[in-house]
Amino acid sequence: LTLHVQLFFVVCVTWSLYPFIWIATVGLRAVPFRMEAYMFSALDVISKASFGIIFLTTVPKAHHRILPLPEGGKDSNERTKPKAMFDGMLNRRRGRSGGQE
């Protein structure tokens with residue numbers, strides 16, 4: 001299965017369980033409130049965690065990007081790259097608008 005199909009399946013299956021829990025808890029009042037909270041919390045964790053795990057383990061490492069370190073990071077060369085990129089974007093923007101902000 002492709003990544004999109006796997007993620008679609010996870011979302012469809014986990015999200016389709018929400019109405020059943022709602023019917024059992026709010027509609028029929030067959031489950032106490034504390035159990036309702038546990039069921040919704042568990043379903044939230046399962047749906048989001050399974051989506052994230054499938055996504056992160058399926059995407060090839062070649063598509064991962066290394067983000068630059070924030071200010072105060074250990075590598076001083078990495079801190080200058082975002083500023084240079086921003087300055088380049090700003091200069092291009094100023095060039096298009098005639099130097100006015």
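Author: Let's start with a term: helices (H or I, at least four residues) and strands (E, at least two) are DSSP runs, numbered from the N terminus. You have a predicted model here, in which local features need pLDDT of at least 70, side-chain atom pairs count only at pLDDT 80 or more, and totals for chains, interfaces and linings use all residues. Residues are numbered from 1 along each chain as its sequence is written, and side-chain values use heavy atoms, with hydrogens and water left out.

Reader: Thanks! Which pattern does the protein follow along its sequence?

Author: Strands are missing here: the secondary structure comes to three helices and zero strands. Reading along the sequence, you therefore meet helix after helix, and the pattern is α-α-α.

Reader: What mean pLDDT does the protein have?

Author: This is the predictor's confidence in each residue, from 0 to 100. In this protein, 63% of the residues reach 70 or more. The mean pLDDT is 78.

Reader: Over which residues does pLDDT stay under 50?

Author: Where pLDDT is low, the predicted coordinates should not be read in detail. The stretch you ask about has three contacts (heavy atoms within 4.5 Å) beyond four places in sequence. pLDDT stays under 50 over residues 97–101.

Reader: How much of the protein counts as buried?

Author: Buried means under 20% relative accessible area, exposed over 50%, and partly exposed in between (1.4 Å probe, protein chains only). The protein has 101 residues. The buried share of them is 14%.

Reader: Is serine 47 buried or exposed?

Author: Serine 47 is found in helix α2. Leaving out residues up to four places away in sequence, it touches Val10, Thr14 and Tyr18. With a relative accessible area of 5%, serine 47 falls under the cut-off and is therefore buried.

Reader: I like aromatics. Which rings pair, and how is the pair classed?

Author: A search of the whole structure finds one aromatic pair. For Phe, Tyr and Trp (its six-membered ring), centres within 6.5 Å make a pair; planes under 30 degrees apart count as stacked, over 60 as edge-to-face and the rest as tilted. Here the rings belong to tyrosine 18 and phenylalanine 40, with their centres 6.0 Å apart and their planes at 20°, so the pair is stacked.

Reader: How many residues apart are tyrosine 18 and phenylalanine 40?

Author: The pair links distant parts of the chain. Tyrosine 18 belongs to helix α1, while phenylalanine 40 belongs to helix α2 (residues 33–58). Along the chain, the two are 22 residues apart.

Reader: And tryptophan 22: what separates its C-alpha atom from that of phenylalanine 40?

Author: Tryptophan 22 lies in helix α1, and at 47% relative accessibility it counts as partly exposed. It touches Gly27 and Phe40, again not counting residues up to four places away in sequence. Tryptophan 22 and phenylalanine 40 are 18 residues apart along the chain, and their C-alpha atoms are separated by 8.8 Å.

Reader: Which side chains meet in a salt bridge?

Author: A salt bridge is a side-chain nitrogen of Lys or Arg within 4 Å of a carboxyl oxygen of Asp or Glu. The structure holds one. At 3.9 Å, N to O, it joins lysine 48 and aspartate 44.

Reader: Why are lysine 48 and aspartate 44 separated by about one helical turn?

Author: Lysine 48 counts as exposed at 56% relative accessibility, whereas aspartate 44 counts as partly exposed at 30%. Both sit in helix α2, and the spacing is about one helical turn because they are four residues apart.

Reader: How far apart in space are threonine 58 and glutamine 6?

Author: Threonine 58 has its place in helix α2, and it is partly exposed, with a relative accessible area of 34%. It touches Leu3 and Gln6, not counting residues up to four places away in sequence. Threonine 58 and glutamine 6 are 52 residues apart in sequence; C-alpha to C-alpha, the distance is 9.7 Å.

Reader: One last thing: what is phi of arginine 29 near?

Author: Arginine 29 lies in the loop between α1 and α2, and at 68% relative accessibility it counts as exposed. Its phi is positive, in a residue other than glycine, and is near 55°.
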